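These are my notebook entries from going through a two-chain model. I wrote them in the order in which I looked things up.

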Amino acid sequence: MPTSKWLLAAAVALAPLAAPAAPPADLGQRLADGYARPAVARLAQQAQDLEKALAAWCGKGGGPAGAPAVRQAFSQTALAWSGVEFLRFGPLVQGNRYERLVFWPDTRVVMQRQVRALLAQADAAALQPGALASRSVAIQGLPALEYVLYDEPGLLEAPAGKAPDYACRYAVAVAANIAAVSGELRQAWSPQGGFGGQFTAPSAGNDLYRSQQEVAAEAVKALSTGLQFARDIKLAPVLGDSPQAARPKRAAFWRSGMALPMLAASVRGMRAFYDAGGYRYAADEDWIAPSLRGELDRAAVAIEAVDAPLAQAVADAGAWQRLALAALILKNAKDIVDQHFAPALGVTIGFNALDGD
Amino acid sequence: MRSMEIDRRRFLGLAAAAGLAPATLRAAGRAPLYLAARRAGERYEAVVLDAQGRDRQVVPMPARGHSFALDPARGRAVVFGRQPGFFAVAFRIDGAQPPVALQAAAGRHFFGHGVFLPDGRRMLATENHYEAGQGVLGVYDASAGGGYRRIGEFATGGIGPHEVVLLPDGKTLCVANGGILTHPDYGKLELNLDTMQPSLAYVDAADGRLLEQVRLPPQYHRLSIRHLALAADGAVWFGCQHTGPAGERPPLVGRHRRGSQPGLYAGPDEVLRGFRNYVGSVAADPSGAVVATSSPVGGQVVYWDTASGRCLGLTRLADGCGVAPLAPQRFLVNSGMGVLVQAGPELPAQPILPPSPGLSWDNHFRRL
């Protein structure tokens with residue numbers, strides 16, 4: 001390249017990110033009203049319902065009669081979480097909220113050890129209203145609740161009137177904690193909440209988001225890392241290289257059989273989060289929207305087509321193949337986000353910036 | 001902050017004041033050599049370069065690399081895989097012998113940094129004992145005929161040790177325990193954000209004794225200490241990455257002297273904001289009077305006066321991360337977009353290599 005030309009190119013690269021394209025002028029408002037606010041409100045509502053269902057059921061000593069309602073409330077809360085988990089910025093990363101709601105992956109088996117220890121001690125102080133909030137994050141959230149409901153002591157399977165009292169009251173306290181943290185999320189995202197106001201009204205005087213470009217960068221990052229999380233953290237370690245090498249207990253929420261429905265719900269959530277942005281493209285880029293939507297839909301369909309719980313499914317060659325295909329599609333979707341969607345919004349994702357170290 | 005615009009006469013004056021004629025900046029006796037890892041098309045390579053950015057030697061790698069252990073006295077280096085890295089490659093700077101591949105020990109992976117001891121008999125690398133979730137320094141036999149056999153390991157006193165440097169006494173290592181628990185099954189995902197306890201640990205290079213460990217104040221427990229450089233006075237300068245919410249903007253750059261409390265330097269608000277809570281690389285200039293801290297996320301390199309902690313200015317470079325000493329007050333800086341520039345607190349960026357599609361310089365840029 002002649003010197004003059006590449007000097008110019010260098011200057012362009014050195015300039016503060018110039019915007020070759022613009023996100024919608026009301027992007028933050030669209031994403032908040034069209035997706036994030038309803039999603040966190042749903043989580044807060046489901047968690048409240050779960051707390052009520054558990055309290056009523058435990059009050060009667062548990063038993064098969066009320067168990068389906070508890071199971072249903074747990075599943076709905078877990079699915080609502082799946083629509084929120086990829087919004088891993090702002091309120092969700094403040095005060096360890098993400099980890100308090102879902103401490104996972106848990107490579108050192110902290111949750112199981114700590115919950116067992118708590119149940120063994122039957123520490124009454126931990127069940128005082130609000131007390132769990134200051135305990136280890138591992139015993140505060142959905143995985144801990146799933147553990148006591150579905151695994152040890154397996155509250156849902158207890159005969160009528162025989163559900164262990166402390167464990168059941170602990171389950172209620174965890175549900176209450178999930179409801180409280182979710183309520184904080186809803187408040188923070190609301191127009192009155194500090195974050196909700198900043199996200200929807202970027203301006204020079206807004207410390208968090210100076211421009212819609214910065215909001216767009218947040219949205220791109222949420223989608224890109226959400227897709228990466230779905231594939232690299234949730235699916236790949238479970239699938240291994242073959243059905244024989246699959247490790248079903250590496251899945252999140254394998255105990256309740258919610259791993260796959262939650263994964264699908266998360267992908268559908270990312271699709272809805274994308275749709276809420278109302279992105280517009282130049283003529284030569286207008287393939288991006290249908291491609292990205294298509295990949296997200298195909299991934300969700302591939303996951304939903306597996307009709308057994310993940311633990312059994314991965315040992316089956318056909319189901320394993322469908323999930324491997326889903327993993328591949330999620331990778332494609334992430335590539336579209338990183339290589340085409342981001343630049344179309346004027347967001348640059350650098351080689352070093354993308355994958356920090 | 002001072003403007004970086006400076007006229008040529010003043011620049012020459014500064015260079016003369018620093019005891020350097022302009023010509024010696026280019027060829028100070030033996031021309032200095034540099035090392036960096038890069039992606040070139042589909043290939044990952046470690047490269048020996050001159051200050052003009054010309055390749056002197058290219059060492060192929062099986063995957064993305066990170067930084068180097070350097071043994072300038074014997075003309076050797078080891079490049080480490082990027083975390084979770086399961087390989088390293090030892091090679092001669094002059095390419096006189098074929099490179100030697102090293103594999104991570106069972107249950108360990110490399111974090112990407114390491115050092116040779118001055119006598120050339122030992123090489124130490126930061127590693128993850130990942131099932132235990134503990135940081136270690138792998139100790140390797142770097143003596144002639146030693147074949148880089150792993151002969152032991154030292155605890156670093158923390159989780160996630162990242163960069164390690166050797167203090168001027170030649171006997172004491174300083175390790176940045178980033179505090180972040182990771183497991184290779186989950187890539188670089190942070191698994192302990194709620195309980196992070198980053199620290200600086202001083203370790204006896206001969207026997208692994210933990211000599212001193214320093215933590216930041218409790219409100220900074222999510223400030224991962226990652227990268228290190230030595231100032232002229234022997235103080236350790238460190239660069240951090242904040243894992244808390246973007247709205248929190250803790251200072252990211254600090255200085256520590258043995259036996260004292262660490263100091264943290266925020267710089268002006270706009271500069272601090274521009275880091276995006278991320279420092280990717282730290283390097284001192286050859287005089288040790290100026291430290292450069294880069295943020296590829298924020299696209300800026302910021303300079304600090306090591307005597308006072310004062311912010312001296314910045315250079316903007318999109319995805320710029322690798323910084324290496326060039327001359328007093330001057331650095332070479334490269335980027336994920338293939339750019340190489342020289343820049344400094346008093347010097348607007350001067351292009352050396354243009355942006356190049358398919359060429360990405362990795363995080364670290366080292367002078368031999």
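**Contact between the chains.** I began with the place where the two chains of this predicted model meet, and found that 38 residues of chain B and 30 residues of chain A take part in the contact. I then asked which elements of chain B each supply at least two residues of the side that touches chain A. They are β27 (347–353) and β28 (359–367), and the largest share, three residues, comes from β28(B). Sorting the residues on this side of chain B by character, I noted 18 nonpolar, 13 polar and seven charged.

**The sheet that contains β28(B).** Since β28(B) had come up at the contact, I looked for its sheet, and found an open one of four strands in chain B, ordered β3-β2-β1-β28 with antiparallel pairing. β28 is one of its edge strands and β3 (55–61) is the other, each of them pairing on one side only. From one strand to the next the twist averages 25 degrees. Within this sheet I followed β1 (residues 33–40) and β2 (residues 43–50) of chain B, which pair in the antiparallel sense over eight bridges; B:L35, for example, has B:V48 in β2(B) as its bridge partner.

**A second four-stranded sheet.** Another open sheet in chain B has the order β4-β5-β6-β7, and its pairing is antiparallel as well. Which strands stand at its edges? They are β4 (65–71) and β7 (100–103) of chain B, and each has a single partner strand, so one side of each is left without a neighbour in the sheet. Neighbouring strands here are turned against each other by 20 degrees on average, with direction ignored. The antiparallel pair of β6 (residues 87–92) and β7 in chain B is joined by four bridges, and I recorded that B:A90 is partnered by B:V100 in β7(B).

**The hairpin of β12(B) and β13(B).** I next turned to β12 (residues 161–166) of chain B, where five of the six residues are buried, so this strand is largely enclosed by the rest of the structure. Four bridges join β12(B) to the antiparallel strand β13 (residues 172–177) of chain B, and the bridge partner of B:P161 in β13(B) is B:N177. The two strands form a hairpin with five residues between them, and in the turn B:G170 has a positive phi of about 75 degrees.

**A loop position, B:P262.** I looked up B:P262, which is found in the loop between β18 (253–256) and β19 (263–265) of chain B. It has 18 C-beta neighbours inside 10 Å, whereas a buried residue would need 20 or more, so B:P262 counts as partly exposed. Leaving out residues up to four places away in sequence, B:P262 touches B:V214, B:L216, B:G254, B:R255 and B:H256. I also noted that B:P262 and B:V236 are 26 residues apart in sequence, with 9.4 Å between their C-alpha atoms.

**Chain A as a whole.** Turning to the other chain, I counted 14 helices and zero strands in the secondary structure of chain A. Its radius of gyration is 22 Å, close to the 21 Å that the globule rule gives for 357 residues, so chain A is as compact as a globular protein of that length. Along the principal axes, the C-alpha atoms of chain A fill a box of roughly 80 × 50 × 30 Å. Buried residues make up 48% of the chain. Of the contacts in chain A between residues at least 6 apart in sequence, 77% join residues at least 24 apart.

**Cores, and the end of α11(A).** Which residues have the most contacts inside the largest nonpolar core? This core has 122 residues, and the ones in question are A:A171, A:A175 and A:I303. Neighbours within four places in sequence aside, A:I303 is in contact with A:L260, A:L263, A:A264, A:V267, A:L323 and A:A326. A second, separate core of 102 residues includes B:F238, B:V279, B:A292 and B:Y303. I finished with A:A302, which lies in helix α11 (residues 288–304) of chain A. A:A302 has 21 other C-beta atoms within 10 Å and is buried. With the same neighbours in sequence left aside, A:A302 is in contact with A:R322, A:L325, A:A326 and A:I329. A:A302 and A:A327 are 25 residues apart in sequence, and their C-alpha atoms lie 9.4 Å apart.

Definitions and conventions
Residues numbered from 1 in each chain as written. Chains lettered and ligands numbered in written order. Predicted model: local features only at pLDDT ≥ 70, side-chain atom pairs only at ≥ 80, totals over all residues. Contact = placed C-beta atoms within 7 Å. Nonpolar A, V, L, I, M, F, W, Y, C, P; charged D, E, K, R; others polar. Pairing = 2+ DSSP bridges. Axes fitted to C-alpha atoms, helices over the stretch in contact; angles between N-to-C directions. Rg over C-alpha atoms; globule rule 2.2 N^0.38 Å. Buried ≥ 20, exposed ≤ 12 C-beta atoms within 10 Å, placed from the backbone. Core = buried A, V, L, I, M, F, W, Y, C linked by C-beta atoms within 7 Å.
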